[in-house]
Amino acid sequence: MDRRSFLKTSALGGSAAAATTLAAPLYAQGKRTLTMVTSWPRGFAVLDDAATYFNTMVDEMSDGNLTIEKKAPGELVGAFEVFDAVSSGQADIYHAADYYFIGQHPGLAYFTAVPFGGTAQELTNWYLHGGGHELHNQVGEIFNMKMFLAGNSGSQSGGWFRKEINSAADFNGLKFRMPGLGGKVLGKLGASVQNIPGGELYQALSSGALDGLEWVGPFADERAGFQEVAKIYYTAGFHEPGSGLTASVNLDVFNDLTPAQQKIIEYSAMATTHTGLAETLANNGAALARLQQQGVKTMQFPDDVWDAFGTASKEVMDENMDDTLFADIRGSFEESLRSSAEWLQKSDAFYVEQRQRVLNQG
């Protein structure tokens with residue numbers, strides 16, 4: 001069966017006719033309003049901030065002629081139902097992390113983050129100058145969507161725990177929240193991995209339904225309140241070294257926009273990526289200091305745990321290589337990393353090392 005044809009004639013919770021009615025754009029005095037469904041509760045730092053900034057940019061760049069009505073999880077569909085809602089036409093746009101939808105296609109993980117993948121800068125390099133955006137749209141076309149990188153939360157933390165992780169064996173039986181391919185890696189180490197929407201994480205951790213979780217980083221994690229129910233915080237993680245967010249537009253809706261409106265969507269997404277990353281990096285340091293003042297113990301995983309992450313990561317990545325498009329995405333991504341890593345190591349990385357050495361003298 002043709003996947004795109006199927007999706008266009010089916011909708012979540014109703015008939016194709018109902019989906020078409022819901023998807024119909026609103027017109028008033030020449031203005032157009034699109035419905036955006038998101039995976040983020042209102043007010044969530046970094047993530048909902050990015051969705052809100054994207055909406056604001058679209059409105060301002062179009063002089064109010066193209067606006068977006070943003071829906072939080074539960075207002076139209078659930079946090080993890082946004083992909084299908086836009087694919088089928090129940091909504092016009094989603095804002096989410098595409099690794100939530102690897103069940104639709106494993107290649108979507110690369111447009112958020114993959115284990116031992118690229119930093120935020122490396123992801124953007126590949127996306128804009130290494131063919132990443134074109135590959136994102138190849139996946140999107142299967143599901144009747146036009147894809148845009150629209151946010152980046154930077155390097156994400158290793159997570160919140162109630163007990164220290166001294167060896168890879170400590171993950172065995174641990175009830176841990178981690179989405180994407182990173183979660184599959186922890187599964188190989190014996191963890192009971194769960195993918196729970198952000199709005200439900202605090203309750204799950206405080207009730208004991210989870211033994212630990214990863215979310216974003218100090219700024220977003222502090223606002224979520226995880227320091228109230230767990231005190232061990234691993235600050236570096238293997239799973240998301242630079243996590244992209246996606247604004248995906250129903251392809252029929254996108255094609256019905258004017259060329260100027262299409263460009264407004266594109267450049268609003270690019271501005272959101274730049275601004276969102278800066279927001280995270282500007283706030284993480286102060287937030288981390290506040291967390292430590294509240295008794296949070298910051299730690300790093302031991303080297304042998306990192307080695308176990310690496311071994312399991314290779315197994316997970318290799319399991320998807322029978323999918324031709326996944327293999328193409330992986331090959332393109334890794335080639336981009338190889339082409340930029342040597343210069344980054346010899347320039348930025350070396351500079352930071354020397355800066356720390358020189359400025360910390362005496």
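Select helix α12, residues 303-318, in this predicted model, and show the side chains of D318 and K314, which both lie in that helix, four residues apart, or about one turn. The two form a salt bridge in which the closest N and O atoms are 2.7 Å apart. D318 counts as partly exposed, at 35% relative accessibility, whereas K314, at 52%, counts as exposed. Now add R330 and E334 to the selection, since K314, D318, R330 and E334 are linked in a network of salt bridges.

Next, move to helix α13, residues 324-359, and pick out R338 and E335, whose side chains meet in a salt bridge of 3.0 Å, N to O. These two residues are three apart in α13, so about one helical turn separates them. R338 is exposed, with a relative accessible area of 53%, while E335, with 43%, is partly exposed. In the same helix, select S340, which counts as buried because its relative accessibility is 14%, and buried means under 20%. Leaving out residues up to four places away in sequence, S340 touches E122 and N125.

Stay with α13 for an aromatic pair, and select F333 together with Y110. Helix α13 holds F333, and Y110 lies in the loop between β4 and α5 (120-129), so the pair ties together parts that are 223 residues apart in sequence. The ring centres are 5.0 Å apart and the planes stand at 65°, so the pair is edge-to-face. Both Y110 and F333 are buried.

A search of the whole structure finds 29 aromatic pairs. Another of them to select is F83 with Y94, where the ring centres are 5.9 Å apart and the planes are at 40°, so the pair is tilted. F83 belongs to helix α4 (residues 82-88) and Y94 to strand β4, so the contact between the rings ties together parts eleven residues apart in sequence. F83 is buried, as is Y94. For a wider view of the aromatic residues, select F116, F161, F171, F176, Y234, F238, F301, W306 and F309, which ring pairs link into a cluster.

Now go to helix α3, residues 47-61, whose 15 residues reach 21 Å from first C-alpha to last, close to the 21 Å expected at 1.5 Å a residue. Colour L47, D48, A50, A51, F54, N55, M57 and V58, which are buried. The buried residues of α3 pack against several elements, among them β2 (31-38), β5 (145-152) and α11 (259-293). D48 deserves a separate selection with K70, because their side chains meet in a salt bridge of 2.9 Å, N to O. This pair links distant parts of the chain, with D48 in α3 and K70 in strand β3, 22 residues apart, and both residues are buried. Just after α3, D63 takes a positive phi of about 55°.

From there, turn to the surface and select M61, L128, Y267 and M270, which make a nonpolar patch of about 350 Å². M270 is found in helix α11 and, at 33% relative accessibility, counts as partly exposed.

Finish at A204 in helix α8, residues 201-207, which counts as buried at 8% relative accessibility. Leaving aside neighbours within four places in sequence, A204 is in contact with I196, A209 and L210. A distance drawn from A204 to R177 gives 9.5 Å, C-alpha to C-alpha, for two residues 27 apart in sequence.

Notes: Residues are numbered from 1 along each chain as its sequence is written. This is a predicted model: local features need pLDDT of at least 70, side-chain atom pairs count only at pLDDT 80 or more; totals for chains, interfaces and linings use all residues. Side-chain values use heavy atoms; hydrogens and water are left out. The expected span of a helix is 1.5 Å times one less than its number of residues. Buried means under 20% relative accessible area, exposed over 50%, partly exposed in between (1.4 Å probe, protein chains only). Contact means heavy atoms within 4.5 Å. Rings of Phe, Tyr and Trp (its six-membered ring) pair if their centres lie within 6.5 Å; planes under 30 degrees apart count as stacked, over 60 as edge-to-face and the rest as tilted. Patches are made of residues with over 30% relative accessible area and no salt bridge: like charges are joined within 9 Å, nonpolar side chains (Val, Leu, Ile, Met, Phe, Trp, Tyr) within 5 Å. Accessible areas come from the Shrake-Rupley method with a 1.4 Å probe; for residues, only the protein chains shown count as cover. A salt bridge is a side-chain nitrogen of Lys or Arg within 4 Å of a carboxyl oxygen of Asp or Glu.
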